[in-house]
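Trainee: Please take a close look at the aromatic rings in this structure. I would like one connected account of how they pair and of the parts around them.

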Amino acid sequence: MALRLGDEAPNFQAETSEGKIDFHEYLGQSWGILFSHPKDYTPVCTTELGYVSKIKPEFEKRNVKVIALSVDPVDSHKGWISDINETQSTTVNYPIIADADKKVSNLYDMIHPNASETTTVRSVFVIGPDKKVKLTLTYPASTGRNFDELLRVIDSLQLTSQFSVATPANWKHGEDTIIVPSVSDEDAKKKFPKGFRTIKPYLRYTPQPNL
């Protein structure tokens, strides 16, 4: 069964390029991103893994742990990591799950028969500190993922987990947010001391609360 937003992210134990892990223990009290790859030595994924290693400090600033998955074994991962480091001018600095038996892939519904019965689709799961799934994305094998967009989504998710706000279309860190409709104007005056502007009764903007 497909995982839905708000479901608990299934726990698992697995071998990785950095040793054996228990997934929930690995995440601890952090946010997490789990992203899958069809197999090792694939061109688009090579660029993705390299890019994620370069921006890992941005994830760490947001208390996010990164972990990848591929259906090949650890020895293959280590050879692929060497290629990634060479071709992408970086150092892969996070674990890659070895999922040769496809246990994790099936647990997270990463194998879609209409796409391929043997390899994972390129899925992304953002998981909160409560171990609940906050976001899912599925990409075709031909389109590289936008990890800058994932950083933007995490900024939004973390903001809205703390305050009674949502974020509008194309929102970026530092821009105005939207007060959720369940907050009355009276409560909004208390919750948002920077004030707010009303476009419609259901559309009220306020400066980003945590700045």
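Mentor: Two rings of Phe, Tyr or Trp count as a pair if their centres lie within 6.5 Å, and the angle between their planes then sets the label: under 30 degrees is stacked, over 60 is edge-to-face, and the rest is tilted. The model is a predicted one, and the rule gives six aromatic pairs in it.

Take F12 and Y108. Their ring centres are 6.1 Å apart and their planes stand at 90°, so this pair is edge-to-face. F12 belongs to the segment before β1 (13-16), whereas Y108 sits in the loop between α4 (103-107) and β6 (122-127); the pair therefore ties together parts that are 96 residues apart in sequence. The cut-off for a buried residue is a relative accessible area under 20%. F12 has 2% and is buried; Y108, at 1%, counts as buried too.

The pair of F35 and Y94 has a centre-to-centre distance of 6.1 Å, but an angle of 45° between the planes makes it tilted. F35 lies in strand β3 (residues 31-37) and Y94 in the loop between α3 (74-88) and β5 (96-98), so this contact ties together parts 59 residues apart in sequence. F35 is buried with a relative accessible area of 0%, and Y94 counts as buried at 1%.

F12 and Y108 also belong to a group: together with F23 and F125 they form one aromatic cluster. Another ring, that of Y26, has a charged partner: K65 lies over its face, at 5.3 Å from the ring centre.

Now the parts around these rings. The segment that holds F12 comes before β1, and β1 pairs with strand β2 (residues 19-22) in the antiparallel sense over four bridges. The two strands are joined by a hairpin through two residues. Across this pairing, A14 stands opposite I21 in β2.

Y94 is in the loop that follows α3, and α3 packs against helix α2 (residues 43-61). The axes of α2 and α3 are 9 Å apart and at an angle of about 75°, which means that α2 is roughly perpendicular to α3. On the α2 side of the contact are C45, T46, T47, L49, G50 and K54; on the α3 side they meet W80, I84, T87 and Q88.

Further along the chain there is an open sheet of four strands in the order β8-β9-β11-β10, with antiparallel pairing. Its edge strands are β8 (165-166) and β10 (197-200), each of which pairs on one side only. Within the sheet, strand β9 (residues 177-179) and strand β11 (residues 203-206) run antiparallel and are joined by two bridges. I178 has Y205 in β11 as its bridge partner.

For the whole protein chain, the tally is six helices and 11 strands. The C-alpha atoms fill a box of roughly 60 × 40 × 30 Å along the principal axes. Of the 211 residues, 48% count as buried. Among contacts between residues at least 6 apart in sequence, 65% join residues at least 24 apart. The two pairs described above also join parts that are separated in sequence, by 96 residues for F12 and Y108 and by 59 residues for F35 and Y94.

Technical notes: Residues are numbered from 1 along each chain as its sequence is written. This is a predicted model: local features need pLDDT of at least 70, side-chain atom pairs count only at pLDDT 80 or more; totals for chains, interfaces and linings use all residues. Side-chain values use heavy atoms; hydrogens and water are left out. Buried means under 20% relative accessible area, exposed over 50%, partly exposed in between (1.4 Å probe, protein chains only). A charge sits over a ring if NZ of Lys or CZ of Arg is within 6 Å of the ring centre and within 35 degrees of the ring normal. Two strands pair if DSSP finds at least two bridges between them. Axes are lines fitted to C-alpha atoms, for helices over the stretch in contact, and angles run from 0 to 180 degrees between N-to-C directions. Angles under 35 degrees count as roughly parallel, over 145 as roughly antiparallel, 65 to 115 as roughly perpendicular and the rest as oblique. Contact means heavy atoms within 4.5 Å.
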